[in-house]
Each structure stands twice: as structure tokens, then as C-alpha cells.
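Please open the model in a viewer with the sequence panel visible. The tour below proceeds by selections, and each stop states what is found there.

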Amino acid sequence: MKPSSSLSNDQKLKICHHKAANPSIKQSALANWAMQEFKLSKVPTQGTISNILAKRQQYESMDSAELTSKRQRAVKHPELDNVLANWVLQCQARRVALSGDLIKEKARQFARQLELGERTPEFSNGWLAKFNIRHGFKAQKSYGESGSADLDAIDRNMPTIKEKLQSYSLQDIYNMDETGLFYRMAPDRTIARRQIEGSKKDKTRLTFVFAANADGSHKMEPLIIGHAQRPRAFNRISGEQLGFYYRSNAKAWMTGLIFREWLQKMDQQMQDANRKVLLLLDNAPSHVVRDLPLTNVQVFLFPANTTSKIQPMDAGIIAAFKRRYRRFQLQYAIDRDEQQKADIYKVDQLIAMKWAKATWNDISSKTIANCFKHTGLFERETQKNEVGSEEQDIENELKDAINQLPISRPMSVHELINPEEEQQVAHEEISDEDLIKLSSSQDQEEEEDGEVMDENPPMSTKEKLNVLHSCISFLDLSNPNNVIAHKVLRNIQFEIRTIEKKQTTLDRYFCKEY
């Protein structure tokens, strides 16, 4: 029998069970086990194994016919399923008691709004059971009176929070938060107001999800949420293929379903690293942890209305990200202004995402550790070195950049990195109408408008090397002692030549006459 390269749902479930029986096994070893066990033609990729493990509940809910299939049976009404699941998660976040009958009645309401007509399913108890299993929702029960606790007593809560933190080492305490980013926003008050008000049309806002630990030794890969599954700037390639952790919906908002996927992925990563960690979260409507089978991540929710004071991401980490992003953006705008471009702030989504990724990687462990320390949550020192001067230097660069740009009503640096609207759109509770809009965009392939491709044509290898040669010559004449810049330029030059040499070798090989 010829070895297969694909897995049946039953085999995927066995992979999940093998992982459960061997919690310390690495994903690479699990992939090799699967290839041998199921006689596959090749080893499954790490991404395949990770996705399989994250969907364990789905495989466990399948009947025998679905398990023997190599494709998961598609949900008959994915839009209805998505909008209803996000609605349930929002209700859980508000501590609303839900009964099965109430969920079914809400499903009927959404079905009418989605105009399913004759395609409307019968919302039976069997349908409800499958819906709950599919999303990991357990039997609904009342929450009692716990939702009416005095959440304003932050001073009384602090000793309890600190005691909880003392049970973990600094490297095992994480914080996660979301933020919006108007990635084309001009540092001009008049233009920026017009851009923000029109952002729903031009779709130039992204949501970023950041997480890091208290000693700054681990910054998790940022999750980016955009409006389209494949924006035009992606050139019909997926976000994953481009090297990003990327999700999308019509509003570019964090939803309960996206959050749960993110959290399960983090839990899987900690299982693979054999670590038990604590995750600090705010009470955003999408942050619903109830019923999730987490094994290596314990979640601690901050009391409501306290996160601006005690959440590390709000204590300077997100601000550090935005300073660095705006530095990229304004330097780019200055370049375009010198080239006499019409819209100097125009940049496509892919370039903005690349800037954001480089920006996140640039934030030092000292900066992150100091932000954790400044919350007052830790009796221990996270880092002794202060890095305020580094942030001040970047702010000075931003001021200089703003002064170089043709602006009638310039923003202050504070306004540029802290627009209120960016945070509001990341944490709003989603209305029923918007839930339907979110679910209806899942198959969107590209932006309908507002997406602009980069105008610069691709450079040839010779052109790239000529530009680098000019830069190196200028550096030699103006600042020959700048060893770091010289080294960076030479490394880029070496990489380009290496790639060109490999491509030339391949071209010669395939052009041989046979």
C-alpha cells in the first residue's frame, strides 16, 4: 500500500490521546511518532501537529462516520455558529446566566437576522449538545452572586494578588493585552481626525495581541487581527505563509473565539516546554476562560477598572511598541516627502505588519521588566537597570521627525502614541449587529477598498548592491568609526550575494541540456 500523506480524523484524535498520555513529548517527536504509527509518506509539520492538538475537543465530539473521514464535517451554518458562539462568550464575560433554551432562542433570532429562511436548522436538544461540544461549552448554570463583588477595593485586593504572584518565578508570570493601531495615522490633528473617523471605510486599523513574561526573557509571537483574510498586499498568500500569526474579521477586533484559540495555543506551547505559568488578564469582554481545558496556564483576571494601574502592558510596554512603530512610520513619511510623493503617509498593510513585528522584537527585556516592576505588584526587583532614557531618546526622535514633516496642526508625541480610539476599538463589547458582521467576513479574500500596494518596483540584485555600496561609501566618508552600522550593511550585502549565487547555481542546473 502506498503511504499516505494525510491524516484521518481518527488518527488526529489518536495523536491528541498520545500527547495526553505523554505530556512531556515534544511536537517534533510526536510528529515522528505519527509518521511511523500511521505509515505516512512524510513527517507532519510542527504547524499541523499544533493545529491538531488545539482541536482535540472537536475530534472527541465526532461520531464514528466523521472520525473515519479525512475531512472534518463542515458546520452547516458557519456564520450562525460563529456569531452564536461569540455571543455566548460575551454573556459569560458579563456573568450572565444562560440556559439551553435561551441559547436556542438566541440562535433563532440570529438565524432570522442572517436570513437563513428555509435553511434554518431545527434547534433541537441534539443540535444544542453538538454546539456546546464543538465550542467546549459545558452545561449552563447560574453564576450566583459572585458577579456583584466589590471590585473597587483595589487596596484590599493587592495583598491577595501579590501572594498569588509569589507562588511563581518571574519568568513564569505573563501578561497579555490587546491594542488597536491606526497604522497610517498622520501626526497632524486635522488629518488624523479625518482618518480615524473614516477608518471603518478605509480599513487601515489593526489589532495587536502582545504577551510577555515579568523578567522580559520571553516575548510571545504577536497575534495580528486585520479586516481581510488575504488583503491585496498579501498577494494571495496567507498570513501564516508570510511569517505572521494572523487572523481576521470585518472589524479587526478580538473576539471570544479568537482569544480562546490564542490561549489554547499558549497552553500547548507551555506543555511542550514543560512549564507551568500564570497569565494575568484584564476583564475584557472577549477574555472568557470558563470551560477551557488548560493544563499548563493558570489565568488570573484583574479586578475591573484597575488594569490601567496594575497591568504591565498598560504600564508602558504597549507605549514602547507604539513609539517604535511611529518612528518607522515617520521616517518612511519623511522619505516619501523628499521624493515628492502625493500621500506621504500611505503604506500597505503588509509593510505595516513587518514594521510592527520588527518593533516588537526591538523592545528590550529591561524595558519589559521595568514595566512589570512599575505596577507595584512585585515585592521582588524585576530589573535594577532603568531604561527611561531609551524611551525618552525615541520620543526626541519622534519630535524631530514631526518637525521635519509638512504639518499644519502637529500632534504632540503623547497624542501620537496614545490616541483614545485605538484602545476603545480593542476592548468594546460587540453588539449583536456587529457580531453578525464579524461572522459574515470569514471568507473575505481581500480588501474591497482602501488597500494600497507599495508603489516602489522590485529592485534587481545589481540595484540593491549599488545602493548598499553608496551607503557604505557615504559611511566611510562621514562616520568611519560607526562600526555597528558598517557591519550591518556588510551583512546585508553578504546575504544578497549569497542568495544570488544560489539562484545562479539553480538556474544553471535547470538550463542544462539533456
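**First stop: Ala31 and its surroundings**

Select Ala31, a buried residue with a relative accessible area of 3%. The model on display is a predicted one. Ala31 belongs to helix 2. With residues up to four places away in sequence left aside, Ala31 touches Val43, Pro44 and Ile49. Now display the C-alpha atoms of Ala31 and Ile49: they are separated by 6.7 Å, and the two residues are 18 apart along the chain.

**Helix 3**

Ile49 leads to the next selection, helix 3, which spans residues 46–54. Which residues of helix 3 are buried? They are Ile49, Ser50, Ile52 and Leu53. Turn the view to look down the axis of helix 3: the buried residues fall within an arc of 160 degrees, so they line one face of the helix. Next, show what these buried residues pack against: helix 1 (9–21), helix 2 (27–37), helix 4 (56–60) and helix 12 (256–272).

**Lys14 in helix 1**

Move to Lys14, which lies in helix 1. Lys14 is partly exposed, its relative accessible area being 43%. Its contacts, not counting residues up to four places away in sequence, are with Trp33 and Phe38. For a distance across this region, pick the C-alpha atoms of Lys14 and Glu37; the separation is 10.0 Å, for residues 23 apart along the chain.

**The whole chain**

Zoom out before continuing. The protein chain has 22 helices and six strands. Of its 514 residues, 47% are buried. Take the contacts between residues at least 6 apart in sequence: 73% of these join residues at least 24 apart.

**Salt bridges between helices 14, 15 and 17**

Twelve salt bridges are counted in the model. Begin with Arg323 and Glu391, whose side chains form a salt bridge with an N to O distance of 2.8 Å. This pair links distant parts of the chain, with Arg323 in helix 14 (residues 317–338) and Glu391 in helix 17 (residues 388–404), 68 residues apart. Are the two partners buried or exposed? Arg323 and Glu391 are both buried.

Step along to Arg324 and Glu390, where the side chains meet in a salt bridge of 3.0 Å, N to O. Arg324 is in helix 14 and Glu390 in helix 17, so this pair ties together parts 66 residues apart in sequence. Arg324 is buried, with a relative accessible area of 1%, whereas Glu390 is partly exposed, at 28%.

Next select Arg327 and Asp362. They form a salt bridge in which the closest N and O atoms are 3.7 Å apart. Asp362 lies in helix 15 (residues 349–362) and Arg327 in helix 14, so parts that are 35 residues apart in sequence are tied together by the pair. Asp362 is partly exposed, with a relative accessible area of 40%.

To view these pairs in their wider setting, select Arg323, Arg324, Arg327, Asp362, Glu390, Glu391, Glu395 and Glu397 together: they are linked in a network of salt bridges.

**Glu178 in strand 1**

Turn now to Glu178, in strand 1 (residues 173–182). Glu178 is buried yet has no salt bridge. Where is the nearest side chain of opposite charge? It belongs to Arg205, 11 Å away from Glu178. Display His287 as well: a polar contact of 2.6 Å joins its side chain to that of Glu178.

**Last stop: the cysteines**

How many disulfides does a search of the whole structure find? The search finds zero. Two cysteines may be selected to close the tour. Cys371 counts as buried, at 6% relative accessibility. Cys471, at 34% relative accessibility, counts as partly exposed.

Notes:
Residues are numbered from 1 along each chain as its sequence is written. This is a predicted model: local features need pLDDT of at least 70, side-chain atom pairs count only at pLDDT 80 or more; totals for chains, interfaces and linings use all residues. Side-chain values use heavy atoms; hydrogens and water are left out. A salt bridge is a side-chain nitrogen of Lys or Arg within 4 Å of a carboxyl oxygen of Asp or Glu. Helices (H or I, at least four residues) and strands (E, at least two) are DSSP runs, numbered from the N terminus. Buried means under 20% relative accessible area, exposed over 50%, partly exposed in between (1.4 Å probe, protein chains only). Lys and Arg count as positive and Asp and Glu as negative; His and the chain ends are not counted. A polar contact is a pair of N or O atoms within 3.5 Å; within protein, one must be able to donate a hydrogen and the other to accept it, and residues adjacent in sequence count only if both atoms are side-chain atoms. A disulfide is a pair of cysteine sulfur atoms within 2.5 Å. The arc is that of the directions from the helix axis to the C-beta atoms. Contact means heavy atoms within 4.5 Å.
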